[in-house]
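Subject: A structure for you to look at

Hello,

I am handing over a structure that I would like you to explore at your own pace. Please open it in your viewer first, and then read my notes with it on the screen.

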Amino acid sequence: ASKRLKRLMALARDPCQHFLLKSLAVVVMEPLQLLHSRYLSMAHAKLRQTVDLQTPAFLDELWPRTSSAVQVCQYLSTLLSGEGERLRLLYQHSGYTSLEDWARNRPSEAALVRRLIVATHAWVKRRLQDALSLPERAILGLGDCRRHSEHAALVDAFYAEARAASCPAAEIGRA
């Protein structure tokens, strides 16, 4: 076996490290694996699971209803509120039958999980969700044919942000 596998097996034998590995898997690796697979599928039309293959895959990320970054943030918010069923893997690992008992009796483990959730959420929000909502990318969303009902509001919001940035070109074509 490789050195990496031997180190992982040694970590898994230690109860504290085993909990940490399981926490990382539930809180960090599952959401990031979703993002990774979604972005990989954007490169290949055969792998796209959306019904409408006529729209570019990038538009799926610009629209909050289909954005994988928004889905991951919602998953992490559900975990942070204590409603996520995946938390059961963590508190049952420690021998508790309810989330409340686990949080009360193992505050250090609960604090670790909360920190992981918040850190992962902050990373996804900063690196993906905020980056996709920049004004220069927002204009790309104006061409999304699935958003006709929101088109006027999107155009107004785009030009309002451009005016706020004191961009003289923002007034071109606008009354």
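Below is what I found, going from the whole chain to single residues.

Please keep in mind from the start that this is a predicted model. The mean pLDDT of the protein chain is 75, and 67% of the residues reach 70 or more. Confidence is highest in helix 6, at 91, and lowest in helix 8 (residues 135–138), where the mean is 60. Over residues 166–175 the pLDDT falls below 50, although this stretch has ten contacts in the model beyond near neighbours in sequence. Where pLDDT is low, the predicted coordinates should not be read in detail.

Now to the overall fold. Which kinds of secondary structure does the chain have? There are nine helices and zero strands, so the pattern along the sequence reads α-α-α-α-α-α-α-α-α. Of the 175 residues in the protein chain, 29% are buried. The protein chain exposes about 11400 Å², and carbon and sulfur atoms supply 60% of that area. Among contacts between residues at least 6 apart in sequence, 59% join residues at least 24 apart.

Next, have a look at the charged side chains. Side chains of opposite charge can pair when their charged atoms come close. The count here comes to four salt bridges, and three of them are worth finding in your viewer:

- Arg-104 and Asp-101 form a salt bridge, with their closest N and O atoms 3.1 Å apart. Both residues sit in helix 6 (residues 99–105), and because they are three residues apart there, about one helical turn separates them. Arg-104 is exposed, at 56% relative accessible area, while Asp-101 is partly exposed, at 28%.
- Arg-88 and Glu-85 meet through their side chains in a salt bridge, at 3.1 Å from N to O. Glu-85 is exposed, with a relative accessible area of 54%, and Arg-88 is partly exposed, with 37%.
- Glu-109 and Arg-106 form a salt bridge in which the closest N and O atoms are 2.8 Å apart. Is Glu-109 buried or exposed? Glu-109 counts as buried because its relative accessible area is 13%, and buried means under 20%. Its partner Arg-106 is partly exposed, at 31%.

There is also a nonpolar patch to find on the surface. Leu-5, Leu-8 and Met-9 form this patch, and together they have about 260 Å² of accessible area. Leu-5 belongs to helix 1 (residues 3–13). With a relative accessibility of 41%, Leu-5 counts as partly exposed.

Finally, try following one residue and its surroundings. Thr-78 lies in helix 4 (residues 68–80) and is partly exposed, with a relative accessible area of 32%. Which residues does Thr-78 touch, not counting those up to four places away in sequence? They are Glu-83 and Gly-84. You can also select Thr-78 together with Ile-117: these two are 39 residues apart along the chain, and their C-alpha atoms are separated by 9.9 Å.

Enjoy exploring, and write back with any questions.

Best wishes

Notes
Residues numbered from 1 in each chain as written. Predicted model: local features only at pLDDT ≥ 70, side-chain atom pairs only at ≥ 80, totals over all residues. Heavy atoms only, no water. Patch = residues over 30% accessible without salt bridge, like charges linked within 9 Å, V, L, I, M, F, W, Y side chains within 5 Å. Areas by Shrake-Rupley, 256 points an atom, 1.4 Å probe, with all protein chains shown as cover. Helix = DSSP H or I, 4+ residues; strand = E, 2+ residues; numbered from the N terminus. Buried < 20%, exposed > 50% of the residue type's maximum accessible area, 1.4 Å probe, protein only. Contact = heavy atoms within 4.5 Å. pLDDT = per-residue confidence, 0-100.
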